[in-house]
Amino acid sequence: MRLTLRRSCAACAKAKHRCDLQTPRCSRCTKRNTTCVFANEPLTSKVVSNGGEHSTKNDTQSPLVGLPGPLLLEDAVIQTTEVSALPLKVGAGFDPFDAYPQTSLPRMRVQGLIYHFLSKIAFQYYPLDLNPTSNPFVVSWWPLALTDPALFHVSLQTASLDDELLAEKGFPDSQALMADSVALVRRKVQNPSLACQDSTMDAVVTLAAIELGKGNLRASEMHISGAIRMVQVRGGLQEVNKSSPITARMIPWVAMIVMGAPQFPTQDDAGNGDGVSAIPIWVEFSSEIPPCVYFPEFEDLGIDPLLQKMLSRLQRLFRQCSAPSSSGYITEISTTDLHDLTCFVLHRLLSLPCSPDTPFQSNIISECVRSAMSIYMLIIHGPTYYSHATLLASQVCRLRGHLLEYPNIDGRLNIWFLSIGMVGSQETNMDPWFFDQLITTALSMGISTWEEVCTFLKSVLWLDIPRARIFRQLWEEILDNSTR
């Protein structure tokens, strides 16, 4: 059957008559004493806005009807899900049937924000999949938002905030949408049957990301605390993942960024238990791998065994993904898998306890490894899917502090630490320190080419992807400075 977002009853839709959406029977069906069947639950609730309460349906607007086809606005076309609006002529508008929850904003403004969300925000918030026919924000999030006023308002707010930031004329629409979003989410949370729905959790975690972006850390942390409780009520991340993978992916990532530390456990290496999932390729590499197979010196340095084990798995995994074959690479790692791997590794790394009985040198080097691995995963992940700049900066600061505390790390391991710190510290006040340290190290070790540097990096941990080119660019600048 064709999926529909129609809100009017079947009888009114067939007669092409405006339905007043009254339940359990609309006025027309009641008057005619006919059966009244709704394909979707009508939006008959009130919405609180800055101007007071108003009905979710405007008396002058048409009933909600979903029709197949591309969504158009001002001659721009984007393909969304199986459900969208009729093609329109240039300038005619976005959706003549207003097949979405109503807001306090003008109709054309709402339709402009819808287009902005589907053409930009969906891919900005989820750049892991740039295909409009499979991007989860387009194919699953948006249809859900069209049936849920709270999530719809929150989604529009992301588009409005981005639009108004670019316009630099204040945030009137964003503020109005925030007030309505919070009111609608609060109403859902107060209803036990709605409080832990996927759409409610999506709205709450997005509000947390919005508040963090605006610098309201306390409000963001409050939303994250609520999202964590919702996951607990649902029975854990794996239960949430069964109905909404994108929700199970978003919450631990945004929670870690907002709180500055993991808020959820991880599954074990075999993929068992609740928590952040291990990707299949991680599970494939058994725990019988010898520690530090590509860097045996780690054993002599007394590195924490759990860190050694994680490094060993990543070494093998990245080498598999970087080794060319006749048809490409031996193992392909998608952007989604890379994100999931980064989320899993960071939750595992940043949750490992420090051993109080470890000798000073071994403990410092172990902490350098922990911070450097965390930074490297964030670097290759890229600054997308909610900014992790604050988390990255905190780990770079920790790495620099440990290197200052124990400056006697020699050889390729020091090159690896400093190179990761240099890339991770870009556009921060820590960048000059790492840059100067690498110039000194390059001179003392007689390094003169990028190929020599690359050999050192690959001997510890390296994934050959386009984003890694930043290492070469910065190192060529360092080598140029060291030969002057």
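## Helices α3 and α4

In this predicted model, helices α3 and α4 pack with their axes 9 Å apart, at an angle of about 125°. That angle makes α3 oblique to α4. As for handedness, the crossing of α3 and α4 is right-handed.

Who does the touching here? On the α3 side you'll find I114, F117, L118, A122, F123 and Y125, and on the α4 side F137, V138, W141 and W142. Sort the residues of this contact by class and you get ten nonpolar, no polar and no charged ones.

## A closer look at α4

Let's stay with α4 for a moment, which runs over residues 136-145. Is this helix mostly covered or mostly open? Mostly covered: seven of its ten residues are buried. If you want to find them in the structure, look for P136, F137, V138, W141, W142, P143 and A145.

Which helices do those buried residues pack against? There are four names to look up: α3 (107-125), α5 (149-167), α7 and α10 (245-259). You've already met α3, whose contact with α4 includes the buried residues F137, V138, W141 and W142.

## Helices α7 and α8

Next up is another helix pair: α7, made of residues 198-213, and α8, made of residues 217-234. Their axes come within 8 Å and cross at roughly 160°. That puts α7 roughly antiparallel to α8, and the crossing of the two is left-handed.

The contact takes in plenty of residues. From α7 come D198, T200, M201, V204, V205, L207, A208, E211 and L212, and they meet L217, A219, S220, H223, I224, A227, M230, V231 and R234 from α8. How do the residues of this contact divide by class? Twelve are nonpolar, three are polar and three are charged.

## L403 on the inside

Now zoom in on a single residue. L403 sits in helix α16, which covers residues 389-405. Why does L403 count as buried? Because its relative accessible area is 5%, and the cut-off for buried is under 20%.

Leaving aside residues up to four places away in sequence, L403 touches C368, I409, N414, F417, L418, W433 and F434. There is also a C-alpha distance to check for yourself: L403 and I364 are 39 residues apart along the chain, and their C-alpha atoms are separated by 8.1 Å.

## S448 in a loop

S448 belongs to the loop between α18 (431-445) and α19 (450-460). Its relative accessibility is 47%, so S448 counts as partly exposed. S448 has a partner to look for too: T483 is 35 residues away in sequence, with 8.0 Å from C-alpha to C-alpha.

## Positive phi angles

Two loop residues have a backbone angle to look at. N33 is not a glycine, although its phi is positive, at about 55°. You'll find N33 in the loop between α2 (27-32) and β1 (46-49), and with 61% relative accessibility N33 counts as exposed.

E168 is another residue other than glycine with a positive phi, near 55°. Its home is the loop between α5 and α6 (172-189). Is E168 buried or exposed? Exposed, because its relative accessible area is 70%.

## The whole chain

Time to step back. The chain has 20 helices and six strands. How much of it is buried? Of its 484 residues, 52% are. Then there are the contacts with a separation of 6 or more: residues 24 or more positions apart account for 64% of them.

## How far to trust it

The pLDDT of the chain averages 80, and 80% of the residues score at least 70. Which parts do less well? Over residues 1-5 pLDDT stays under 50, and the model has 14 contacts beyond four places in sequence for that stretch. Residues 41-93 also stay under 50, and there the model has 140 such contacts, again counted beyond four places in sequence.

What should you do with regions like these? Where pLDDT is low, the predicted coordinates shouldn't be read in detail.

Technical notes. Residues numbered from 1 in each chain as written. Predicted model: local features only at pLDDT ≥ 70, side-chain atom pairs only at ≥ 80, totals over all residues. Heavy atoms only, no water. pLDDT = per-residue confidence, 0-100. Contact = heavy atoms within 4.5 Å. Axes fitted to C-alpha atoms, helices over the stretch in contact; angles between N-to-C directions. Parallel < 35°, antiparallel > 145°, perpendicular 65-115°, else oblique. Left-handed = near helix turned anticlockwise from the far one by under 90°. Nonpolar A, V, L, I, M, F, W, Y, C, P; charged D, E, K, R; others polar. Buried < 20%, exposed > 50% of the residue type's maximum accessible area, 1.4 Å probe, protein only.
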